[in-house]
Amino acid sequence: MDFLQRTVVVEDMVQYKLFLLQPDGSDVTEERLTHLAEEILVKFAPLLVQYIWQNQPFNLTYHSEKGGVPAHIGGSTQFGENVEDEWFIVYLLLQITEAFPELAARVEDNDGEFLLIEAADYLPKWLNPDSSQNRVFLHRGEVHILPCPSKFSTVGFSKDVVPSLSQALAELCSHPHVCQASPKICSALKKRLKGYPEKIKTGLHQAHCFIPAGIAMVLAQRPQLVAHAVSAFYLRDPVDLQACRSFKIFSPETRVLTSVTFTRCLYAQLLQQQFTSDRRSGFTLPPHSHPQYRAHELGMKLAHGFEILCSRVRLPSSEPDAPISCNPQWKRFLESLKKNDYFQGELEGSTRYRELMRSAEHFFKQSVAFESSALSPGEEILLLMQNGHPLNLEELKEREQQLPQEDDDSWLEITAQDLDHLLQERTGGRADAASQNCSLTQPTQQLEGTEERKGEMEHIKNEECGYSLIAVSQGMKKFLDTMSSHEGAEVPWDGSRQSFNFDPNSMASALERLLGMQYGKYDIHNLGYISTSSCCSIFFTGNEMEELDSDDLDDDDESDKEREEETSGDTEQNGTETLNDLRSYMDQMDEELMSTKIGQSFTVTNSKKTDLDNSSPHLPVNSPPTQGGSEQNEEEIRPLDLDVNLVTNLLESLSCQAGLAGPASNLLQSLGINLPANSDPS
């Protein structure tokens, strides 16, 4: 894997590319791709025009073939603190590839293939950051992953091979159905995108603000400029605040009450900033008890943001920009808008028609012909004020009585229960799968009647299952029974595991290689047990006994044959002596550990079956001496209660964490087990 070939993506920036799939690679010309970009932007203009971007808008431009990347259309968007911009772009790409099936899209950010991160629980085992390069595409509205060849299909590339983009696109074009991702991966992505496109409107927040009349006029024409103003205020520095000592552009004496549309991210950024304006600025706030204190505070902060933007314009252009009608692309773009019913049947010249036209012109400058438009936000604000209608304070004052109602901002407040609910939603599939396999120890009262009561009964069952000590014991057993590798332990999310198969011959062969002795002719059960108090245990998991990965086991077949010939005569005698020596060592270790803290740390019971789990295994161990006990009791072998020891140690670990994150709580939560807080002070 050549890491130098990977594309370096700036932090908080998403890059997207749209490739034209052609079986023979023909007809991939600049004219064709440019025309496709215009068609895409026109078709999705109703969504894009009303969207308020955090930093940069969605854009598509032509990119010629370079560095092994075929010619394509694409762009990049810096989403900053609002990650919803990134997921909205993913939604757009899915809709684009569904509307234009001849296109395939790739999208990545500084985390790489972040779509795979969202569906990490359902990825095939061979797919990892090293083997996923140039394999993940969005095509026909679904996620596609180029597979690895198998005995059932030869489609795809080996996991050790990094296909070029041309090879990957050719494979995707030839076998789109084979390359489609599994339903679980697709559903995980759709779950993250649930709510679009309605989520665009629900993600907005309208608030009343006392702002200078000039800002109110600018926002009436360009609502998207509020994002640049909030960002300028949020990222202000002492140099920026020097321009706000005396407001030269937006005088505080012209303040009016108006409704401003934010995104939730922008509103939270503006509201949560603690800021006191300079006394020389002229912005004075009423007392906190004033009913419109928040409107005054928000307006003061927003005015500082607009003033900072305009102060950064050092040399404003004295020559007006060329009209947009001079751009040869504008006429074709406008005709496409009319064909797609962008103006919604509004009469030309009406107020609504002019508003839609202004939005379309700005969208054209920013997304279609943005290279020719080098205006900064501050320059655009000054230009709007220069070319706008004269301010009419009386008219703006009259509009204060007709403002729409503010949106409720209770979504800013989140309780501990709400946070747990959000975390449950993010890991709901894991917790639910683990909860389905645990047993209930307490009977639940039967609830009958309405659907609400059924939901309440299900909620009670889930709580009891999560707090059950049996769930703790069984969850740990399932965790130990799952297959793991050198890359780490795998948590059994779905709780499903195939039957355990044990091959005595493979076990004997493995021990022979490890110990350098031949146990193949002996019954594996003659080895006896390995003492738990000696802290020696061997776990074998999976459906088949696989070859051990240690380099020490890779002996040549010839060496095995020679050693077998040399020891064939003394096999039985050496094996018997070795077994006796092994038992002797174990007994001696048990005797030495009986009087130590290790031996006393285990809990033993006199009962044959425990209360936690009647079917739990009992390994014989030498019990530690008890006070007042006889010598016979000291040497007595009692059953070891594995469940009690397990739960006791886990509860002690949780108690030592004192409510903080730790290994015990992380392990239990990954198994879908949530234990209540320790309310016992003792």
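# Questions on a predicted model

Student: Is Asp 12 buried, partly exposed or exposed in this model?
Tutor: Keep in mind that the model is predicted. Asp 12 has a relative accessibility of 31%. Buried would need a value under 20% and exposed one over 50%, so Asp 12 counts as partly exposed.

Student: Where does Asp 12 lie, and what is its phi?
Tutor: Asp 12 sits in the segment before E1. Most residues other than glycine have a negative phi. Asp 12 is not a glycine, yet its phi is positive, at about 60°.

Student: Asn 134 also has a positive phi; is Asn 134 buried or exposed?
Tutor: Asn 134, not a glycine either, has a phi of about 60°. Its place is the loop between helix H4 (114-118) and E5. The relative accessible area of Asn 134 is 13%, and the cut-off is under 20%, so Asn 134 is buried.

Student: How confident is the predictor in the protein on average?
Tutor: Let's start with the share of residues: 68% score at least 70. Strand E5 (residues 136-139) has the highest confidence, with a mean of 97, while strand E9 (residues 618-622) has the lowest, at 43. Across the protein, the average pLDDT is 76.

Student: How many contacts does the model have for residues 607-635 beyond four places in sequence?
Tutor: Please read this number with care, as pLDDT stays under 50 over residues 607-635. For contacts beyond four places in sequence, the model's count in this stretch is 52.

Student: In what order do the six strands of the open sheet run?
Tutor: Begin at the edges, which are strand E2 (61-63) and strand E6 (142-145), each pairing on one side only. The pairing in the sheet is antiparallel, and neighbouring strands are turned by 35° against each other on average, direction ignored. From edge to edge, the order is E2-E3-E1-E4-E5-E6.

Student: Which residue of E3 stands opposite His 63?
Tutor: E2 and strand E3 (residues 72-78) run antiparallel and are joined by three bridges. Opposite His 63, in E3, stands His 72.

Student: Which strands does helix H5 touch where it packs on the sheet?
Tutor: Helix H1 (residues 30-43) also packs on the sheet, touching strand E1 (13-20), E2, E3 and strand E4 (103-108), with its direction at about 45° to that of E3. For helix H5 (residues 165-174), the direction makes about 45° with that of E5. The strands touched by H5 are E1, E4, E5 and E6.

Student: Why is helix H12 described as largely enclosed, and which elements are among those covering it?
Tutor: Helix H12 (residues 264-271) has eight residues and seven of them are buried, so the rest of the structure largely encloses it. These buried residues are Cys 265, Leu 266, Tyr 267, Ala 268, Gln 269, Leu 270 and Leu 271. Their cover includes strand E7 (204-212), helix H10 (225-234), strand E8 (255-263) and helix H13 (293-311).

Student: How many disulfides does the structure have?
Tutor: Two cysteines are worth a look: Cys 265 is buried at a relative accessible area of 19%, and Cys 310 is buried at 4%. A search of the whole structure for disulfides returns a count of zero.

Student: What separation do the C-alpha atoms of Trp 87 and Leu 189 have?
Tutor: Trp 87 belongs to helix H3 (residues 84-99) and counts as buried, at 5% relative accessibility. Beyond four places in sequence, its contacts include Phe 114, Leu 115, Leu 189 and Tyr 196. Trp 87 and Leu 189 are 102 residues apart along the chain, but their C-alpha atoms are separated by 9.9 Å.

Student: Which residue does a cis peptide bond join to Tyr 196?
Tutor: Most peptide bonds are trans. Here the cis bond has an omega of about 5°. The partner is found in the loop between helix H7 (183-192) and helix H8 (199-202), and that partner is Pro 197.

Student: What share of the protein's residues counts as buried?
Tutor: For the overall picture, the protein has 28 helices and ten strands. Its accessible surface comes to about 40200 Å², and carbon and sulfur atoms hold 49% of that. Of its 682 residues, the buried share is 39%.

Definitions and conventions. Residues are numbered from 1 along each chain as its sequence is written. This is a predicted model: local features need pLDDT of at least 70, side-chain atom pairs count only at pLDDT 80 or more; totals for chains, interfaces and linings use all residues. Side-chain values use heavy atoms; hydrogens and water are left out. pLDDT is the predictor's confidence in each residue, from 0 to 100. Helices (H or I, at least four residues) and strands (E, at least two) are DSSP runs, numbered from the N terminus. Contact means heavy atoms within 4.5 Å. A disulfide is a pair of cysteine sulfur atoms within 2.5 Å. Buried means under 20% relative accessible area, exposed over 50%, partly exposed in between (1.4 Å probe, protein chains only). Two strands pair if DSSP finds at least two bridges between them. Axes are lines fitted to C-alpha atoms, for helices over the stretch in contact, and angles run from 0 to 180 degrees between N-to-C directions. Accessible areas come from the Shrake-Rupley method with a 1.4 Å probe; for residues, only the protein chains shown count as cover.
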